[in-house]
Every structure is written in C-alpha cells, then in structure tokens.
Amino acid sequence: MASTTHGSHCGSNEDYVFDRRAGVYKCYHVEHAGVGNVYLESDEEIADRNNHGLLHEDAISTLLTDAGLQPKYLPRDEMYVMHWKKLAANCVINPLTALRRCTNGELTYRTDKKKLFKNKYLSYNNPNIMKDLIYEISKVAMAESKRRSTKTIDNEENFSEKEITKFIESVIANTANNKSSMLQDIIAKRHPTEVKYLNGYVVRLGVYKYGLSMKANNYLIKEIERLSGSF
C-alpha cells in the first residue's frame, strides 16, 4: 500500500495535444508542482526501527529517495489514517478546483463575495462548502474506523474536523501551484472524471452504510458530472 502528497500537472495549455483517434486532449509534458512525501506501508518492526523515517537500505526507498520523492514508511494503522486523510484532501481539493478552474493554492481566496453570507444553500463558490465537506467526511471516516475496531487508532485525534482540516490546509500550501487531476480532466474535456471514485465512495459509505446526510458531497458530484457531461 502506498500514498503520495506530491503535486504534478501538465504545464501550460500548449502542452495539450488533441488525439483525434481517442477524441480527447492528451498531455505530453508534466511539471512537479508541489513537494510532498511518498508514504509506504511497512510492518511495525521496520517502522519502529527507523522511527518512521526514511529507509535508505531498502531498494524501493533508495530509488524514491534518489528521485527526490521523500519516501516514508508507516505501520499499517498509520497508513490507514493516511489513506483517509488523503481521500479527504482529494474530495475537497479536486472537485472545487475543477469547478472554480483554479490552482490548489487559489482555493483559499477564490470565492464569490456576493454569496459570502448566504449559508443556507450549496454553491461551490461559497467558502463554507469546504467546512461542510470536511464535516461529512469526518463523520464517515470515524464510523469506518470504529467498525474496524482497532484500539491503536484514536478516532477523535486522527479523524476530527480539526485534524482533517489541518491536513488539507497543509496539502494546499505544499501544492499551491498544482492543478488537481480533476481540474486537468476538465481542461482536457475528459468524461467521466474521478469524482464518483472519490466523493462518490464517501457518499456511498455515508448514506447506505451509516445513514448519514451527505448533501455537500452529493452536490459536488452532480456539479462535476453536469460539467464534464457537457463536453
């Protein structure tokens, strides 16, 4: 199991070439737009011996280190937490950047000021939607972790709204110049996007497994599907 918080995207619009056979735009130049880590799952013994740090003696770790990708090994339970945090980040950053047509870093200020004080409706331009998304995802993550019934994971510490928000803000800051994969799908006019595998997965768990309200995530799915379906 592995996860990454690095950011990358196609360079400029000139880097997209229309593939007549496939009927889509393809990119042949990729920019590394944000430095993060590559997290790899390891057993407790290896992770403890290396204090959760870099494993230079490992062939895979050496390869990733030489490439500047900053690998880190985590024990299984910590990797479980990391996967949920990364999923949360993707569910918030990807659809919002795609709908607002902005980089990750612009999420912190690309809002419609005329709609700032109307909190009773859903709009991807409303800054409160990030809070709503994180609230829903936090509830699902906690429910899933409790069902997993492991005593080594502190649900409140790892899956609280505050903790998930902190992680997402760090990803946005570290990949501020990056264009999310969903935004790149929209730029390249690709349909369908990954939204049903990100927000859709969280919605299915929340609604059908735990009976939770997932209005904000459902709203983004519909907006992305409407947008990409128009191509």
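## Strands β1 and β6

Let's start with a pair of strands in this predicted model. Strand β1 covers residues 2–4 and strand β6 covers residues 38–41, and the two run antiparallel, joined by three bridges. If you'd like to see one of those partnerships up close, look for Thr 4: its bridge partner in β6 is Val 38.

## Adding strand β7

Which strand does β6 pair with in the parallel sense? That's strand β7, residues 71–74, and four bridges hold the pairing. Two residue pairs help you line these strands up by eye. Val 38 stands opposite Pro 71 in β7, and Tyr 39 stands opposite Lys 72 in β7. Notice that Val 38 turns up twice here: it is the bridge partner of Thr 4, and it also faces Pro 71.

## The sheet as a whole

Put the strands together and you get an open sheet of three, in the order β1-β6-β7, with mixed pairing. β1 and β7 stand at the edges with a single partner strand each, so one side of each has no neighbour in the sheet. Going from one strand to the next, the twist averages 20°.

As background, strands of a sheet pair through backbone hydrogen bonds, and they can do so either parallel or antiparallel.

## Helices on the sheet

Now for the helices that meet these strands. Helix α2, made of residues 59–66, lies across β6 and β7, and runs at about 145° to β7. Helix α3 packs on the sheet too, touching β1, β6 and β7. The direction of α3 makes about 40° with that of β1.

## Where α3 meets α9

Helix α3 (residues 76–100) also packs with helix α9 (residues 215–228). Their axes are 10 Å apart, and the angle is about 40°. Why is α3 called oblique to α9? Angles under 35 degrees would count as roughly parallel and 65 to 115 as roughly perpendicular, so an angle of about 40° makes α3 oblique to α9. As for handedness, α3 passes α9 in a left-handed crossing.

Which residues make the contact? From α3 come Cys 91, Pro 95, Leu 96, Ala 98 and Leu 99. From α9 come Asn 217, Leu 220, Glu 223, Ile 224 and Leu 227. Sorted by class, this contact has eight nonpolar residues, one polar and one charged.

Note on methods:
Residues numbered from 1 in each chain as written. Predicted model: local features only at pLDDT ≥ 70, side-chain atom pairs only at ≥ 80, totals over all residues. Heavy atoms only, no water. Axes fitted to C-alpha atoms, helices over the stretch in contact; angles between N-to-C directions. Parallel < 35°, antiparallel > 145°, perpendicular 65-115°, else oblique. Left-handed = near helix turned anticlockwise from the far one by under 90°. Contact = heavy atoms within 4.5 Å. Nonpolar A, V, L, I, M, F, W, Y, C, P; charged D, E, K, R; others polar. Pairing = 2+ DSSP bridges.
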